[in-house]
Amino acid sequence: MMIDLDILLAWGGTYKSYKAGELIFEEGAICSCYHQLVEGEVKWINYNDDGKEFIQTLIDPGESFGEIPLFDDEPYVASAIALENSLIIKLPKHLFVQILKENTDLSFKFAAMLANRLRFKFMLLKTNAFESPENRVTALLTYYKKKKCIQGENSVRVNLTRQQIANMTGLRVETVIRTIRHLNDLGSLDIKNGKVFI
């Protein structure tokens, strides 16, 4: 959990429910709130001129999203859409900034989270620009495993669809399907009942 829910509520945070497919905020809009997912799943995305979706990241419960404009006063750099019915706690921007000013531990926690996301973006940009489809998919799934892995687990079920992997790596879904089959043949991952484990 990024910020304890009791702290957010004490500072004036409010819950808002979103239905699956509902827009939470749009790229280019002005940011007025801190967002933290309580239940459900959210995708943070951009669209190209042809309407093709690129998934920046998927947000799980306990994670925040849309933070960049909280720090630079610029518009949102991507849109956020609920992938399933979701509950989000929102806190006005000025109160979020005040919490960070009064709590240095939380400020460092946010800096570490933002650095981790930036590291992921560097990795994705590098692999998407220079690497083969196998390397792109492997890099994404390795990051996913690191993010989801519980201490002592040997493998993690990948809860990403082939389309989501394609939308995160810039590959066509057919290429992702072939690549995952090939990685399974190489022993780099396992496919069990159509589900991918890494």
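Visitor: What makes β4 and strand β7, residues 79–82, a pair in this predicted model?

Guide: Two strands pair if at least two bridges are found between them, and four bridges join β4 to β7, which run antiparallel, so the definition is met. Within this pairing, tryptophan 44 stands opposite alanine 80 in β7.

Visitor: Which sense of pairing do β4 and strand β5, residues 53–59, show, and over how many bridges?

Guide: The two strands pair in the antiparallel sense over six bridges, with asparagine 46 opposite phenylalanine 54 in β5. β4 and β5 also form a hairpin with five residues between them, and glycine 51 in the turn has a positive phi of about 85°.

Visitor: Why is strand β4, residues 42–47, called largely enclosed?

Guide: Buried means under 20% relative accessible area, and because five of the six residues of β4 are buried, the strand is largely enclosed by the rest of the structure.

Visitor: Why are β1, residues 14–18, and β6, residues 64–65, called edge strands?

Guide: An open sheet of four strands has the order β1-β8-β3-β6, with antiparallel pairing, and β1 and β6 each pair on one side only. For β1, five bridges join the strand to β8, residues 86–92, and lysine 16 stands opposite isoleucine 88 in β8.

Visitor: How do you know that the span of helix α5, residues 133–148, is close to what is expected?

Guide: Helix α5 has 16 residues and reaches 22 Å from its first C-alpha to its last, which is set against the 22 Å expected at 1.5 Å a residue. The buried residues of α5, among them Arg136 and Tyr144, pack against α4, β9, α6 and α7.

Notes
Residues are numbered from 1 along each chain as its sequence is written. This is a predicted model: local features need pLDDT of at least 70, side-chain atom pairs count only at pLDDT 80 or more; totals for chains, interfaces and linings use all residues. Side-chain values use heavy atoms; hydrogens and water are left out. The expected span of a helix is 1.5 Å times one less than its number of residues. Buried means under 20% relative accessible area, exposed over 50%, partly exposed in between (1.4 Å probe, protein chains only). Contact means heavy atoms within 4.5 Å.
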